[in-house]
Each structure stands twice: as C-alpha cells, then as structure tokens.
Amino acid sequence: MLSASASWPLSANTDTIPVKAPVTSSTQTQLELGLLYYNGENFPQNFVKARTFFELAAAQNNAEAQYMLGLIYLNGEGVTQSFSLALPWLEQAAAQGHAY
C-alpha cells in the first residue's frame, strides 16, 4: 500500500519527473511502466517519462528497453532525433537477440 509520504508523483496528470526515480525490483516492471507512458495507456502519453523507465531497464541489459530507447532516438520522440544515439541502443538489443 502506498503511503501519503511517497515521494514519487502519484497523479497521472503531472508533467514533472522526480529527481530520484522509484527503485523497482524488476527490469520487467521498469519496461512495463515505460511502455504505459510510451503508448499512453492508463497515463497521458509522455515520452520523457517513458525514456526514464526504459533507461533504468536498459542499464540492466533489458533488450526490449534498449530497443525502445533506440526507437525513441530514431523517431525523435521527446528528444532531438539522433541516429548516432539510436544506433548503439538498437545494436545492443540486437546483440541480445531482440527480434526487431
């Protein structure tokens, strides 16, 4: 159960990103939160928040999160479009057998 003193913004309407992202015990959870924000499911679509969660999971070698970061940079979603930043993420995902 969440306490009233939780530091992570609980409102889906906030556009602020916490200084310290919540620690989750699973890269899968981080990936899934990123996908919810990326696709705008249950939360307003927010590529910046999605990227934050993808970065957490990608740093722990989650291939899907690495792929999603590659797409974010490739398409310029919430960031300046950058092929040079997209390529390493896509290559890391592919090196782990990501199918796309």
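This is a guided tour of a predicted model, one selection at a time.

**The whole chain**

Start with the protein chain in cartoon view. It has four helices and zero strands. Follow the sequence from its start, and the pattern reads α-α-α-α. Now colour by accessibility. Of the 100 residues in the protein chain, 33% are buried. For the contact picture, take the contacts with a separation of 6 or more. Residues 24 or more positions apart account for 43% of them.

**Helix 1 against helix 2**

Select helix 1, residues 27-39. Add helix 2, residues 47-58. How are the two helices placed against each other, roughly parallel or roughly antiparallel? Their axes are 8 Å apart, and the packing angle is about 165°. An angle over 145 degrees counts as roughly antiparallel, so helix 1 is roughly antiparallel to helix 2. The crossing of this pair is left-handed.

Now show side chains at the contact. On the helix 1 side, select T27, Q30, L31, L33, G34, L35, Y37 and Y38. On the helix 2 side, the partners are F47, K49, A50, F53, F54, L56 and A57. Keep Y37 and F53 displayed for a later stop, where both return in a ring cluster.

**Helix 1 against helix 3**

Hide helix 2 and bring up helix 3, residues 63-75. Helix 1 and helix 3 pack with their axes 10 Å apart, at an angle of about 30°. Angles under 35 degrees count as roughly parallel, so helix 1 is roughly parallel to helix 3. Helix 1 passes helix 3 in a left-handed crossing.

Which residues meet here? From helix 1, pick L31, L35 and Y38. From helix 3, pick E64, A65, M68 and I72. L31, L35 and Y38 also appear in the list of helix 1 residues that meet helix 2.

**The aromatic rings**

Display the aromatic side chains next. The structure holds four aromatic pairs. One of them joins Y37 and F43. Their ring centres are 4.5 Å apart and their planes lie at 25°, so the pair is stacked. The cut-off for stacking is planes under 30 degrees apart.

Check the surroundings of each ring. Y37 has 5% relative accessibility, so Y37 counts as buried. F43 has 23%, so F43 counts as partly exposed. The limit for buried is under 20%. Add F53 to the selection: ring pairs link Y37, F43 and F53 into a cluster.

**The salt bridge**

Go back to helix 2 and select R51 and E55. How many salt bridges does the structure hold? It holds one. The side chains of R51 and E55 form it, with an N to O distance of 3.2 Å. Side chains of opposite charge can pair when their charged atoms come close. Both residues lie in helix 2, four residues apart, which is about one turn of the helix. At 33% relative accessibility, E55 counts as partly exposed.

**Two asparagines with positive phi**

Move to the loops. Most residues other than glycine have a negative phi. Select N42, in the loop between helix 1 and helix 2. Phi of N42 is near 70°, a positive value in a residue other than glycine. The relative accessibility of N42 is 70%, so N42 counts as exposed.

Jump to N61, in the loop between helix 2 and helix 3. Phi is positive in N61 too, near 65°.

**The loop after helix 3**

Select G76. Where does it sit? G76 is in the loop between helix 3 and helix 4 (83-95). Its relative accessible area is 26%, so G76 is partly exposed. Now draw a distance from G76 to F47. Their C-alpha atoms are separated by 9.6 Å, with their positions 29 residues apart along the chain. F47 was among the helix 2 residues that meet helix 1.

**The segment after helix 4**

Finish with A99, in the segment after helix 4. Is A99 buried or exposed? With a relative accessible area of 77%, A99 is exposed. Draw a last distance to A63. The two C-alpha atoms are separated by 9.7 Å, and the residues are 36 apart along the chain. A63 falls in helix 3, which covers residues 63-75.

Terms used: Residues are numbered from 1 along each chain as its sequence is written. This is a predicted model: local features need pLDDT of at least 70, side-chain atom pairs count only at pLDDT 80 or more; totals for chains, interfaces and linings use all residues. Side-chain values use heavy atoms; hydrogens and water are left out. A salt bridge is a side-chain nitrogen of Lys or Arg within 4 Å of a carboxyl oxygen of Asp or Glu. Buried means under 20% relative accessible area, exposed over 50%, partly exposed in between (1.4 Å probe, protein chains only). Rings of Phe, Tyr and Trp (its six-membered ring) pair if their centres lie within 6.5 Å; planes under 30 degrees apart count as stacked, over 60 as edge-to-face and the rest as tilted. Axes are lines fitted to C-alpha atoms, for helices over the stretch in contact, and angles run from 0 to 180 degrees between N-to-C directions. Angles under 35 degrees count as roughly parallel, over 145 as roughly antiparallel, 65 to 115 as roughly perpendicular and the rest as oblique. A crossing is left-handed if the near helix is turned anticlockwise from the far one by less than a right angle, and right-handed if clockwise. Contact means heavy atoms within 4.5 Å.
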